[in-house]
Structure formats: C-alpha cells, structure tokens
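I opened this one to see how the chain is put together. These are my notes, in the order I looked things up.

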Amino acid sequence: MDNRTGLCDSNEISNGSSTCTGPASIINPPAPEILALQHLSENLESIFESSNSDFFADAKITISGCNREVAVHRCILSARSPFFKNAFSSAAKERDVKVELKELAKDHHIGFDSLVSVLSFLYSGKVKALPKDVCVCVDDDCSHEACRPAVDFMVEVLYASFKFRVSELVALYQRHLLDILHKIAVDDILVVLSVANICDKACETLQTRCIEIVVKSDVDMVTLDKALPQHIVNQITHSRSELGLVNPESSFSDKHVKRIHRALDSDDVELVRMLLKEGHTNLEDAHALHYAVAHCDAKTTTELLDLGLADVNCKNPRGYTVLHVAATRKDPKIIVSLLTKGARPSDLTSDGRKALQISKRLTRATDYFKSTEEGKASRKDRLCIEILEQAERRDPLLGEASLSLAVAGDDVRMKLLYLENRVGLAKLLFPMEAKVLMDIAQVDGTSEFALDGIRPMNLAGVRRKTVDLNEAPFRIQEEHLNRMRALSRTVELGKRFFPRCSEVLNRIMDADDLSELAYLGNDTPEERLLKRQRYTQLQDILSKAFNEDKEEFGRSAVSSSSSTKSTGKARSNGKLIDRGG
C-alpha cells in the first residue's frame, strides 16, 4: 500500500516548515477523495499528538536511555507497519502493553525525537520538518544543514524506518542524505555508512556513495576498523589499493604499532613501556596518544601522558593533534589532562578547525542549554566546551592554589581544613566540575582530614577515612602534605578552567562569617555547638541556592558570536553572586 498517495508528494526534508503539503494547490481545490484523506490524516495525527493520548492508548514504547515513553495505539501501528503487527501479536489480548525500544531495535541507537518522527508519519502519513531544537549544534557559524546533530537525527530516523519496515520513509531520508553527503564531515559519513550497511539493499545507493567518499578520504585504517564492519573495511582497502592510495609500510613496524595498540586496549601501560624499549618505534610514530585518547579510558590516557615520551601537540597523518581527537571523544577529564600537559587549544586541523569548534559541532544546542542533573552526558558536552573556551581565553595560572589560604597563616592544619571545606563546597555547588578536577588531582587517593575529632564541613559525599593527629605524628604529617597537594591541585585547576566557579567559592570562603566558623581552636563546647549549628544553616542555604541555580541556569543560558556562555546565580548570606558570564 502506498501510504504517500494524496498525503505526501515531497522528496525533500528541510529544517524549516514541513515540505509535505499534499497535491492540493491554491488555484485548484482538492478533489473530494483527497480532501477526505487529508481530514483522516489530521484526525489520526491529533490522536497521537493530543495531551490526552495516554487515555486512549493501549501500549507504550519506553526509551530507557532518557527515561521517557511514548503512548501508542496498537491497532493503528499494526495496520501501518508489519513490524509492529508482529511485535504486538503476542500480547494481543493484554491491556496496557509496554515494550522497550532497545528490544525493538538493537543494532543502532534510536532517540526519543527520532522515534516520535517515525511514529508521527505512521499516524498521519506526513513527513515533518527536521526538529530545529534537535538538529542544531552549538557553533553559531554552522549552517546546521549537515552538522553532527542533524546527521545523527536523520540516520536514526533512517534506521528506525528500516527496522519498522516503513519503506516510504527509508527512501525519503536516503534521498536527503544523498543530497547533503558532500557537506557531511568524513568522520560523520562513517556513521551514515554504518547504518546504510545495516539497511542493506534498502540503502544500497547510499552505501555505495559513502564508500566512494571514504576510499578517497584520509581516514586511517585504525579508525575504519573501529567504526565499520570488517567486510566494508576490506572493500575500502581493496579500492584504495586499486587506486594506488595505500602508503606501503614495513610489515614489522606495522606489527609493532599494532602490539602497542593492543597493549593500550588492555590498559597495560607498563607493557607499552616495555615495547618502546625494543626501539622499533616510539609513541609519536605509533600515534599512541591519539589512539589512547580516542579508544581508551581516561586512566590509561593519563598514565600514558605521565610517561612524558611524546609531544602532546604532535599531529597524526590527518593533521589532528591529540586535543582535536579528545574533542571528538567529549570527555572533560581527558581534555583537562591534555591541557595541563601543554596541549595548545589554538592549533588547527588541516581544514582549519580548532578543538573548540570540533566540540561545538558535535554538541546539540538543546543539550547544551538545558539544565541537567549531576552525571548526565549532556552536562559533559557542556563542560568540554566551557573548558576549551577558557583554555583559549587565558594562559595557565601558576602559583599558590588560592590567595585565600593566607587566612590560615602558617598552620598546616588550618590550610588543610580550608582546602577540605573549599573542595567540599565545590562538590555541592558545582558537582560535575568538581568531580572532573578531583579525579585529575587524584584526591580520592588521599585520606580525608580531621582535627582532634573535629571534622571539616562535609558538604557532599560520604567520608571514607580520616586522619587522627594523635597517632604516629610523623607518618600522619606526610599524609597531611599529600592530601594538601591533591586538594591544592584541585583548586588550582579550578581557577584555571572554571574561573567563574572559583570566584563564587572565593567570595563564600573569604566571608568573615565562614572564616570565623572555620577556626575551632580553643572554643568552649558551647561555642563549638553554636558554630556547628551555623555550619548546618550554611549548608541548608547553599543547598537551596544550588537547586535554585539549576532552574535559573536553564532560563538564563545565552549564546554570543565569540563564545557560548551559560549563566546562573548562587546565593550566600543573602547576597547575589554572579555565577555566569
């Protein structure tokens, strides 16, 4: 059955309004049968989009990745899609059926917006325009026609349409991707090619065209092996060989490089060190830093950086520095680690892009600007951009972790107490930023400090272990210094990469009220009790301020042509403190 008859004659998809208006024209009124089909389409569409759709629906498709679900009607989907007819047949007599999207489509990710787009077509027969809030990246200079968010959305809809056996939509999105393929970055074409391969014969033309582009590109074999099925890689390798595009290398050197890469895959940096001693190659020739940043965890990358055996700003054959590769990885911990080792954010790729622009082009604007809870992936996207923006804006800050340490004088215990309180406060107000910096400074590897049973203000987290000054003073003194170095490093990195957050912490920590509360030297039990009560009041105030910040942050985020900033406010002692730009 041709579901597009009388409903959708468009062969294109745009970022503007819907391009699917049917065959009716302004001059000639639609025929009665066409008008009836249009009314039917509008009625079914209203059922799907109605706020009361849950009341009429008899099934729900859940998306576990974003904890959302879509209410649907089994009879409509079964009539429109053989896939859904089979999926719902086993539960035909059940009420309120729930199915998990991952169980329906296992080969590629389908997001909430992509699912809704396909379901909307099944209900109405209309192809809607690409949703602007989903298909727009953070880069203001981007046309957004072929940036990664737009490509991801179209590829997800293409795969969902193939999986749900909606041939009209498969053909339509394949045509659109073919039209913009020359504008898509080659790394993003690998994503298109991967899904086109899953769709097999339905997207044969798209698959062939993608392979032609990749064959003539500078994408290395390691990237191809990680991104594509082996038979596609073999086809690309064969085509390159026929065109004379393969650079011959000594088989021994190639094997040695692969051994280094395999050692990194196993997180075995010590084995990498041993392989390097053989002298057949070095980290730069093997592009081991590039490989680790792209494919290994942050711990392995940090250990490899600590070897100090490679130039962190060296470029691979594609003209990418390690920081450029890290920007595609979107891991703030790795980015900060590279910057602290001297990575230059101003370096350009061969096509003139900085790491910041790469990161912006990969990040959906809707994810960047919305207020997110602690630990959400979109929050990491935003952190990466903010870190790279700050790195471009100013030189590294050196010296004392904080001038505010002067309030503690020469008392090591008071300095340590100050740092514990400051980092604890950061964990409450800026949880994701604090986590990134504490991991790099390895704060978790040192013991938490306590002074004669008086513990520092524990604003976030559970205390693992504390140090008692009354036991083994010489050993404990060393532990004090190790703890102070780790905390100082955390504060120092915070001043460098998150200066606005650090300014908020400076104003709070330097407040006379808080400074007085921090000193518990010879107080009477009654005075200590009062100060503890005041500590509790401050914790309540700051906790309330943080919750208000998240709401305010989502409303007040703005974008400028020079850089994209996010704003918010934190309250302390009744005063407003600027958190943003």
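The entries below go from the whole chain to single pieces and residues.

**Overall**

I started by reminding myself that this is a predicted model. I looked up the secondary structure first and got 27 helices and nine strands for the chain. Next I checked burial: of the 581 residues, 49% count as buried. Then I asked how contacts spread along the sequence. Taking contacts between residues at least 6 apart in sequence, I find that 67% join residues at least 24 apart.

**The three-stranded sheet**

In what order do the three strands of the open sheet sit? I read S2-S1-S3, with mixed pairing. S2 (68–72) and S3 (97–100) are the edge strands, each pairing on one side only. From one strand to the next, I get an average twist of 25°.

I took the pairings one at a time. S1 and S2 run antiparallel to each other and share five bridges. Within that pairing, Lys60 stands opposite Ala71 in S2, and Ile61 has Val70 as its bridge partner in S2. The two strands make a hairpin with four residues between them. I noted Asn67 in that turn, with a positive phi of about 55°.

For the other pairing, S1 (residues 59–63) goes with S3 in the parallel sense, over four bridges. Ile61 turns up again here, with Val99 as its bridge partner in S3. Thr62 stands opposite Glu100 in S3.

Why do I call S1 largely enclosed by the rest of the structure? Four of its five residues are buried, so the label fits.

**H6 and its neighbours**

I then looked at what lies over the sheet. H6 lies across S1 and S2, and I get an angle of about 5° between H6 and S2.

H6 also packs on another helix. H1 (residues 32–49) and H6 (residues 112–124) pack at about 145°, their axes 8 Å apart. The crossing of H1 past H6 is right-handed. On the H1 side I listed Ser41, Leu44, Glu45, Phe48 and Glu49. On the H6 side they meet Val116, Leu119, Ser120, Tyr123 and Ser124. Sorting the residues of this contact by type, I get five nonpolar, three polar and two charged. The spacing of the listed positions made me recall the general rule: an α-helix has 3.6 residues a turn, so residues three or four places apart point the same way.

**Two odd phi values**

I went looking for residues other than glycine with positive phi. His144 is one of them, at about 65°. His144 is in the loop between H6 and H7 (148–163). Is His144 buried or exposed? With 16% relative accessibility, under the 20% cut-off, His144 counts as buried.

Arg165 is another, with a positive phi of about 60°. I found Arg165 in the loop between H7 and H8 (167–180).

**Leu158**

I picked Leu158 in H7 for a closer look. At 1% relative accessibility, Leu158 counts as buried. What does Leu158 touch, leaving out residues up to four places away in sequence? My list is Val170, Tyr173, Gln174, Leu177, Val195, Cys199, Cys203 and Leu206. I checked one of these by distance: Leu158 and Gln174 are 16 residues apart in sequence, and their C-alpha atoms are 7.2 Å apart in space.

**H15**

I checked H15 (residues 288–295) for burial too. Six of its eight residues are buried, so H15 is largely enclosed by the rest of the structure. The buried ones are Ala288, Leu289, His290, Tyr291, Ala292 and Val293.

**UniProt records**

Last, I compared the model with the annotations. The unreviewed UniProt entry puts "domain: C2HC NPR-type" at residues 134–148. In the model, the end C-alpha atoms of residues 134–148 lie 11 Å apart, and the span is 7% helix and 0% strand.

The unreviewed UniProt entry also gives "repeat: ANK" for residues 318–350. Here I get 52% helix and 0% strand for residues 318–350, with the end C-alpha atoms 7 Å apart.

Note on methods: Residues are numbered from 1 along each chain as its sequence is written. This is a predicted model: local features need pLDDT of at least 70, side-chain atom pairs count only at pLDDT 80 or more; totals for chains, interfaces and linings use all residues. Side-chain values use heavy atoms; hydrogens and water are left out. Axes are lines fitted to C-alpha atoms, for helices over the stretch in contact, and angles run from 0 to 180 degrees between N-to-C directions. A crossing is left-handed if the near helix is turned anticlockwise from the far one by less than a right angle, and right-handed if clockwise. Contact means heavy atoms within 4.5 Å. Ala, Val, Leu, Ile, Met, Phe, Trp, Tyr, Cys and Pro count as nonpolar, Asp, Glu, Lys and Arg as charged, and the others, Gly among them, as polar. UniProt positions are given in the numbering used here, feature names are shortened, and annotations may be inferred rather than shown by experiment. Buried means under 20% relative accessible area, exposed over 50%, partly exposed in between (1.4 Å probe, protein chains only). Two strands pair if DSSP finds at least two bridges between them.
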